[in-house]
Structure formats: structure tokens, C-alpha cells
Amino acid sequence: MKIAVAKGDGIGPEIMDAVLKIFKAADTPLEYEFVDMGKWVFDKGFNNGMTPEALQTIEKLGVLFKGPMETPKGKGVKSINVTARKTWNTYANKRTFQTLHGVDTVFSKAGIPIDITVVRENIEDTYGGIEHMLTHDVALSRRFITRPGSLQVIRYAFEMAKQKNARRITCGHKANIMKITDGLFLECFYEVAKNYPELQADDVIVDDLCMKLVTRPDSFDVVVLTNLQGDIVSDLCAGLVGGLGFAPSANIGDHISIFEAVHGTAPDIAGKNIANPTALLLSGFGMLRHLGLLQSAVMIENALLYTLESGVHTGDFGDKSKPSVNTTQFADAIIANFGKKPSHNPKPDLVDVPSACTVFNLEKNAMMESVEGENEKIVGVDMFIESNVQPEEIAKKCQRHAGVKFKLINISNRGTQVWPTGSRYTNLVNQYNARFESLDGEGLNQQDIIGLYVSLSGDFKIPSLELLNMWGDKKGYSLAQGQ
Ligand code: NAI
């Protein structure tokens, strides 16, 4: 069984060498093809941080085991980590956080066990990185939440929860505020939940979720979230079990999967052979399980747990009164403990299962096959106007341009209505949203919208516009605060 390996930057090569040494000592039946990815590849002029050969190898083998990588700052290039996840549609980011005996935390000291798996959507949300300055003072980030993208990651989360015999699966969201985007994610969650009656499916607003994770972490099991919220919540969970040094991550796609630690390149300790390889090793267990190599995964994991329990530690954790070991010594201690079982939560012996991972070429993209909603119609348009005059004056001009097809409904500034009603205490920036709807309630077409745009552009600069769509009775747009 062959996988692609990229050692990464900073502490990457040190911790990867330690993990591969452990795999070798355990006779793990894996072969490696090392690929060129990371900062030094950017520096050579490859703008996506990997060579074409690396891309080809990873697409051929389907599994990438990677060390942390640095994205050069200020060169206008995108993060290689995000590029890799998006290029290969590794739509589910699974991060497992478990109490490890020997890694002291407030919860372990209080005897509160933690076993939480966070599944974070990995492609969409603001991570599309589609951002624009609309005026000199106003920046816009587009946040995409799609139905197929949400269904894909939520289905994965439910299936994984079922396989792990989870009792509860929770959707974290902010649908009370972002009713359309997070609302869609939540709707998809309950749509999928119908197929899993054996799981307790519920939802918690993300701020409340953060509080509950800190006060009652043992009440959670599997948590699924959109990208940015998932990113933040998973680091919070890492803190519950001892920090980033113990946070593994699997980026799962239908064809290609990437296994890596959550932490970065730790430039402050790079080259000193003192980094903690545990997070990468835990990520390696996830990879071995993904590949069906359960026997190796269980044997090494028991040895790691035994080693942690016996107090062996690198400098970043553990009992400071006892001397720490370096990266190589930590790996050697684990190897010396092969065959031993920890007294807390030993992993049961398992036999290997044939791997279900296959890589095949996609002939068509299934996510493009959307079922068009019935009765889709354009009922209006939001014109994002640049202006530094008062709302009354904007309204007067807009009404002149509305013509026979449109009526001006309202004007808002930063999402708060300022016309026809509003408060003089609302602070204004130099960008308004003028909302126009069809005068007679009939559907509009794109030519109507362009006609209005051309007319308005005589008076205003309009950096952006959005159509107001409806599907049957369902509005595809939000209302302004106060509307
Ligand atoms: P970082 O995770 O590299 O370091 C934060 C702190 O944690 C540092 O004090 C570091 O010494 C410590 N630390 C991290 N991993 C450790 C380990 N295994 N053992 C002991 N101590 C450890 O985060 P930072 O400094 O924000 O990022 C550094 C670089 O890493 C940046 O270029 C960033 O873009 C990149 N990065 C890459 C990631 C990836 O490849 N998946 C993820 C996060 C950051």
C-alpha cells in the first residue's frame, strides 16, 4: 500500500521522521512516495506551493500524509493547506479530541472524560476567500454555503457517528442571525438526521456551544459545523485536551484524503529536535484506520497511551518537575513500549480490513446536478451604491430611476434600515444598499435589472448588485435590520 508523504516546513521534517520511524518499527505495511510541497516550493516559483509531479502523485495514490506547511507572507499566494483541501475536495475535516492520561488538563484532574469529534465543513464559507473592497472604506467577504456541499459533509458526519457508536450528534450554527446561510446548513442537518433515527440529533447556537463545551464537555459526542465556526470550535476543543500538540486532523474526500496535525510549523522551536510528534502520530492513526490497517493502528496507539501514562513527555507538556525528552527519544520510548497496554482506555485488538480507498477519475461533477426549485423568479434587486450623502437624498434619486418596473422598498447601511424609517443615531458608511422590487409583483428578468443599473449609474457608482430570488413562497434574501 503506497501513500504520498510531504514532510512540510519548520518542525515538519522532525516530527514526520519520528512518526515514520515508529511506523517502520511496527512493520506497518506502507510504502511512501515523498512529494515536494511547502514554502521552499513556493520560493522556487510554484504559485500553489507544490510541483506538478507532487499533484500527479497525490492524485494517483489518493492519500497524503503531510507535515505542517508555511505559506509565504505578503507574496499574494494562497495557503497551500487550504489549496490542497479545496483542490481535492476534502470536504470533511474530522478532528478527534480525547482525554489522554499523562496529559494533565483541568478536566483530567477533575475526572471529566472528553471524547469529542468535530466535523468541520472544509471547502465553503468565507474560506472561499472571495473578498472585495466595494468602496475605499467598505470590504466585502462572500460567504458561500451550498446545499450539496452541506449535505456532503453532514452525511459524512452522521455516517462516521454511526460507525463510532456515538450517542449524540450536534449541529453548531448561527442560524438565528445568518438565517439564509446557516439556516440552509441547519436545514440540511435535519434532512440527513431523518435517516439516522438511532442517533440523538440536536442543534446548539455556536456561542452557547462554546460555553457548554467548556462547562460540560462530556455531554458532547460528535459536533458538525460550517468552516469558520468549525475552525474556532475545534481549537477550543484542542484546548480541552491539552492543546494543539494533541489535536489530529483528517481531511476526508470521496477520492483523496489528507492526514495532518492541526498545529503549524512552530518556527520558534524548528530544527531543535524538541517538538512533540503526538498530534501527527494521532493523525497517522486516523490514516491507518482509513487504510484498513487496524492492527498497526491499535498496537502503536496502545504504546503511545502507555508512554504518556508512564510520564514520558516532550517539553511542551507533562510534569515539569521531571526532565523532558526530545522528539527522537519520545519516538524511541513509544517503540520500546510496543506490545504494552495502558491502564486507562486500552484500545481493543482488531484485525485489518481490506481498504475501501480507491482513486478513480471523475467523469462528471455530481454536485452540479441541482434540482431547480419550482417557480423560481426574480422579484427585485439589491443595488450596493457608493455614496456619502444622506439617505433621503439617495432615496429621491433612486425613486426617479425606478421607472415603471421597479419600486424602491428600502435603503440600508451595513444591514440596518435607514430609509424610509431609521434612526439618526445609526452610524453611516459610504455604501448603501438600495432595495428595489417589482412594481406590479410580477417576475423580472435580467434585462430589467440591467436597465435599472444603467439608469442609476448616471447618478451613482454601483460596485455590486444581487438579484432577489424567490422559489415559490420562499424568499432567497434576508431583510434589513428594522425592515
Ligand atoms: P504553530 O502551531 O506553528 O505554533 C503555535 C505555538 O505552539 C508555538 O509556540 C509552537 O512552538 C507551539 N507548537 C506547535 N506545534 C508544536 C509541537 N508539535 N510541539 C511543541 N510545540 C508546538 O502556529 P503559528 O506560529 O501560528 O504558525 C506558524 C506557521 O505554521 C505559519 O506559517 C502558519 O501559516 C503555519 N500553519 C500551518 C498549518 C498546517 O500546515 N496545517 C496549520 C497552522 C499553521
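This report describes the sheets, the ligand site and selected local features of a predicted model.

**The ten-stranded sheet**

Ten strands build an open sheet, and their order is E2-E1-E3-E12-E11-E4-E5-E10-E8-E9. The pairing in this sheet is mixed. Strand E2 (31-34) and strand E9 (200-205) stand at the edges with a single partner strand each, so one side of each is left without a neighbour in the sheet. On average, and with direction ignored, neighbouring strands of this sheet are turned by 25° against each other.

Within this order, E8 and strand E10 (residues 222-225) are paired in the parallel sense over three bridges. In that pairing, Cys 171 stands opposite Val 224 in E10.

Two helices can be placed against strands of this sheet. Helix H1 (residues 12-25) lies across strand E1 (2-6), E2 and strand E3 (63-66), and it runs at about 120° to E3. Helix H9 (residues 227-240) lies across strand E4 (92-98), strand E5 (115-121), E8 and E10; its direction is at about 160° to E5.

**The six-stranded sheet**

An open sheet of six strands follows the order E15-E14-E16-E13-E17-E18, with antiparallel pairing. Its edge strands are strand E15 (416-419) and strand E18 (474-475), each of which pairs on one side only. Strand E14 (residues 406-413) is joined to strand E16 (residues 431-438) by six bridges in the antiparallel sense. Asn 410 has Arg 435 in E16 as its bridge partner.

Helix H14 (residues 446-456) lies across E13, E14, E16 and strand E17 (461-471). With respect to E13, helix H14 runs at about 15°.

**A hairpin**

Strand E6 (residues 131-135) and strand E7 (residues 138-141) run antiparallel and are joined by four bridges. The hairpin that links E6 to E7 does so through two residues. Thr 135 stands opposite Val 138 in E7.

**The ligand site**

The ligand is surrounded by 18 residues, of which the closest are Met 69, Gly 264, Ala 266, Asp 268 and Asn 276. By class, this shell comprises eight nonpolar, five polar and five charged residues. Three polar distances between the ligand and the protein are set out below.

| Residue | Protein atom | Ligand atom | Distance |
|---|---|---|---|
| Glu 260 | N or O atom in the side chain | nitrogen | 3.2 Å |
| Thr 265 | polar backbone atom | oxygen | 3.0 Å |
| Ala 266 | backbone N or O atom | oxygen | 2.7 Å |

Ala 266 thus appears both among the closest residues and in a backbone approach to an oxygen atom of the ligand at 2.7 Å. Taken alone, the ligand exposes 820 Å², and the protein buries 67% of that area.

**Loops and local geometry**

Several loop residues deserve separate mention. Pro 420 is found in the loop between E15 and E16. The peptide bond leading from Trp 419 to Pro 420 is cis, and its omega is near 5°.

Asn 165 belongs to the loop between helix H6 (147-163) and strand E8 (168-173). Its phi is near 55°, a positive value in a residue other than glycine.

Gln 390 is located in the loop between strand E13 (376-386) and helix H13 (391-401). Not counting residues up to four places away in sequence, Gln 390 touches Leu 428 and Tyr 432. Between Gln 390 and Ser 283 there are 56 Å in space, C-alpha to C-alpha, and the two are 107 residues apart in sequence.

Terms used:
Residues numbered from 1 in each chain as written. Predicted model: local features only at pLDDT ≥ 70, side-chain atom pairs only at ≥ 80, totals over all residues. Heavy atoms only, no water. Contact = heavy atoms within 4.5 Å. Near = heavy atom within 4 Å. Polar contact = N/O pair within 3.5 Å; in protein donor to acceptor, adjacent residues only side chain to side chain. Areas by Shrake-Rupley, 256 points an atom, 1.4 Å probe, with all protein chains shown as cover. Nonpolar A, V, L, I, M, F, W, Y, C, P; charged D, E, K, R; others polar. Pairing = 2+ DSSP bridges. Axes fitted to C-alpha atoms, helices over the stretch in contact; angles between N-to-C directions.
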